[in-house]
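Reader: I should like to understand how the descriptive terms used for a protein model are justified. May I put some questions to you?

Author: Certainly; let us take them one at a time.

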Amino acid sequence: VYKRQVESYDVDERSVLAEVTHRGAGALELRLTGVYGTEDDAESGVTADVWQVTPAATYRFKGRGSLSASVTRLNVSAAGGTLPRYMAEGRLEGDAADWRVSADYRFNRYITGNLSYTGERRPGSDDRHTLDMRVNAFF
């Protein structure tokens with residue numbers, strides 16, 4: 001007979017997000033996003049705090065495409081015990097980072113291209129890198 005233990009939890013979550021964007025007369029857009037969130041689990045007594053900051057930039061090529069880049073730095077901390085996986089969006093305690101660069105370009109009315117690179121750093125593991133390149137031809 002298989003018995004599954006179901007974990008019980010009662011999480012109270014609060015967060016605030018602030019974003020500033022500057023889009024001048026040119027083709028460049030700058031953005032800075034900050035997030036702070038806290039979660040309290042009434043069952044385990046654990047409190048998690050998450051800080052996240054993301055600067056980003058986008059350059060638009062007139063009628064042709066765009067190039068975007070961003071870096072997200074985040075910190076997760078816990079008090080009152082070990083951080084359960086269902087808290088802090090499943091993140092591990094410690095510092096982490098995500099970085100992204102993507103470009104879309106229309107070569108002509110029939111051919112488009114996309115290049116996307118992402119990287120992530122998580123506590124206790126090696127960095128992960130992903131590169132995706134696509135060319136689409138429309139007939």
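**Terms and their reasons**

Author: Let us begin with Glu120, which is found in strand 6 (residues 111-121). Please bear in mind that the model is predicted.

Reader: Why is Glu120 called partly exposed?

Author: Buried means under 20% relative accessible area and exposed means over 50%. Glu120 has a relative accessible area of 27%, so the residue falls in between and is called partly exposed.

Reader: What does Glu120 touch, not counting residues up to four places away in sequence?

Author: With those left out, Glu120 touches Ala97, Asp98, Trp99, Asp126, Asp127 and Arg128. Of Trp99 one may add that its C-alpha atom is separated by 6.4 Å from that of Glu120, although their positions lie 21 residues apart along the chain.

Reader: Why is the protein described as more spread out than a compact globule?

Author: Let us first set out its elements. The secondary structure comes to zero helices and seven strands. The radius of gyration is 20 Å, whereas the globule rule gives 14 Å for 139 residues; the value is well over the rule, and therefore the protein is more spread out than a compact globule. The C-alpha atoms fill a box of roughly 60 × 45 × 25 Å along the principal axes, and buried residues make up 19% of the 139 residues.

Reader: How many aromatic pairs are there, and what makes the pair of Tyr36 and Trp51 tilted?

Author: The count comes to four aromatic pairs. For Tyr36 and Trp51, the centres are 4.4 Å apart and the angle between the planes is 45 degrees. Planes under 30 degrees apart count as stacked and over 60 as edge-to-face, so an angle of 45 degrees belongs to neither and the pair is tilted.

Reader: Why is this pair said to tie together parts that are apart in sequence?

Author: Tyr36 lies in strand 2 (residues 28-41) and Trp51 in strand 3 (residues 47-61), so the pair joins parts that are 15 residues apart in sequence.

Reader: Why is the pair of Tyr59 and Phe61 called edge-to-face?

Author: Their ring centres are 5.2 Å apart and their planes stand at 70 degrees. Since the term requires an angle over 60 degrees, the pair is edge-to-face. Ring pairs also link Tyr59, Phe61, Tyr105 and Phe107 into a cluster.

Reader: How do you know whether Tyr59 is buried, exposed or partly exposed?

Author: The relative accessibility of Tyr59 is 38%. This lies between the cut-offs of 20% and 50%, so Tyr59 counts as partly exposed.

Definitions and conventions:
Residues numbered from 1 in each chain as written. Predicted model: local features only at pLDDT ≥ 70, side-chain atom pairs only at ≥ 80, totals over all residues. Heavy atoms only, no water. Helix = DSSP H or I, 4+ residues; strand = E, 2+ residues; numbered from the N terminus. Rg over C-alpha atoms; globule rule 2.2 N^0.38 Å. Buried < 20%, exposed > 50% of the residue type's maximum accessible area, 1.4 Å probe, protein only. Contact = heavy atoms within 4.5 Å. Phe/Tyr/Trp six-rings, centres within 6.5 Å; stacked < 30°, edge-to-face > 60°.
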